[in-house]
Amino acid sequence: MEKIRINKYIAESGYCSRRKADELIEYGKVKINGKIIKEFGVKVNNNDKVEIAGKILKNPLTFEDNRKKIYLILNKPVGYISSTISNQGKCIMDLIPKKFGRLFPIGRLDKNSEGLMILTNDGELTNILTHPKYQHEKEYEIVVAKELTPAQIKKLIRGFEVEGQFMKVNSIKIIHNLDMLAYQFVLTEGKKRQIRLMLKYLGHRILKLKRIRINKLLLGNLKIGKWEEIKKHQII
């Protein structure tokens with residue numbers, strides 16, 4: 001009988017990404033056959049019952065191999081939470097038709113940020129795009145209140161520690177022909193609020209933060225608050 005790791009089971013069930021699954025395990029939110037587990041390496045089989053927050057997950061081991069994978073891109077507006085459920089106001093799933101079933105976001109954008117998000121039920125793709133070892137690029141357009149100095153740009157690319165974490169930007173370009181000071185930042189890591197924390201540390205205030213690319217997928221001309229269905233090959 002096939003066995004798979006618990007985080008893969010949770011991701012393949014469509015509940016959340018593998019990384020989020022690891023967090024749920026760490027915080028004792030996952031039960032197997034009625035018992036809380038906190039070991040990441042636990043494996044489950046077809047007879048096991050996996051439960052999160054009182055919800056019994058669909059068993060991915062019983063799904064057919066040709067089950068349909070969904071891939072959507074969304075231009076997230078400011079003011080929306082990047083999660084499937086939120087008690088803090090509007091969330092991105094309010095913008096997506098219910099006909100697609102349970103989807104989860106690949107990566108996050110904070111409430112005050114906007115731009116490209118991918119939503120899917122493909123747990124393997126989520127792992128590929130979010131795991132640090134794969135080094136997939138994410139590109140952001142950032143408007144700041146004052147100009148970055150050459151020394152600050154060098155420091156951002158060289159990297160430094162913020163709140164106990166080492167952070168760096170892979171590349172920075174100045175965007176010309178705009179009324180405001182704007183830059184394009186490219187990252188291959190995705191620490192929480194990374195750009196905001198780094199610029200705040202350097203004394204800068206962000207007026208606008210917009211993600212415009214994930215790997216080879218571009219936001220393009222998709223309007224704010226709108227979504228499109230795409231194919232996997234457009235992402236990786």
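**View 1. Strand 15 alongside strand 9 in the predicted model.** Strand 9 and strand 15 run parallel where they pair, with 2 bridges between them. Look for Glu114, whose bridge partner in strand 15 is Lys210. Strand 15 itself is mostly covered, with 7 of its 9 residues buried.

**View 2. Strand 10 and strand 15 as an antiparallel pair.** Here the pairing extends over 7 bridges. One spot to pick out is Val144, which has Ile206 of strand 15 as its bridge partner. Strand 10 (138–144) and strand 15 (206–214) each give two or more residues to the largest nonpolar core.

**View 3. The hairpin made by strand 15 and strand 16.** These two strands pair in the antiparallel sense over 2 bridges, and strand 16 covers just residues 217–218. Arg213 has Leu218 in strand 16 as its bridge partner. There are 2 residues between the strands, and Asn215 in the turn has a positive phi of about 55°.

**View 4. Helix 5 and its surroundings.** So much of helix 5 is buried, 6 of its 8 residues, that the rest of the structure largely encloses it. Those buried residues are Gln194, Ile195, Arg196, Leu197, Met198 and Leu199. They pack against strand 10, helix 4, strand 11, strand 12 (165–167), strand 14 and strand 15. Just past the end of helix 5 sits Gly203, with a positive phi of about 85°.

**View 5. The largest nonpolar core, 36 residues in all.** The members that touch the most other members are Leu103, Ile142, Leu156, Phe185, Ile195 and Leu199. Several elements give two or more residues to this core, among them strand 7 (71–76), strand 9 (114–120), helix 4 (150–158) and strand 14 (181–187). Helix 5 is the top contributor, giving 4 residues. In soluble globular proteins, nonpolar side chains tend to end up buried together.

**View 6. Leu156 and its contacts.** Leaving aside residues up to four places away in sequence, Leu156 touches Leu148, Lys168, Val169, Ile172, Phe185, Met198, Leu199 and Leu202. Two of these, Phe185 and Leu199, are listed with Leu156 among the core residues that touch the most other members.

**View 7. A second, separate core.** This one has 16 residues, including Ile4, Ile10, Ile25 and Ile32.

Terms used:
Residues numbered from 1 in each chain as written. Predicted model: local features only at pLDDT ≥ 70, side-chain atom pairs only at ≥ 80, totals over all residues. Heavy atoms only, no water. Core = buried A, V, L, I, M, F, W, Y, C linked by side-chain atoms within 4.5 Å. Buried < 20%, exposed > 50% of the residue type's maximum accessible area, 1.4 Å probe, protein only. Contact = heavy atoms within 4.5 Å. Pairing = 2+ DSSP bridges.
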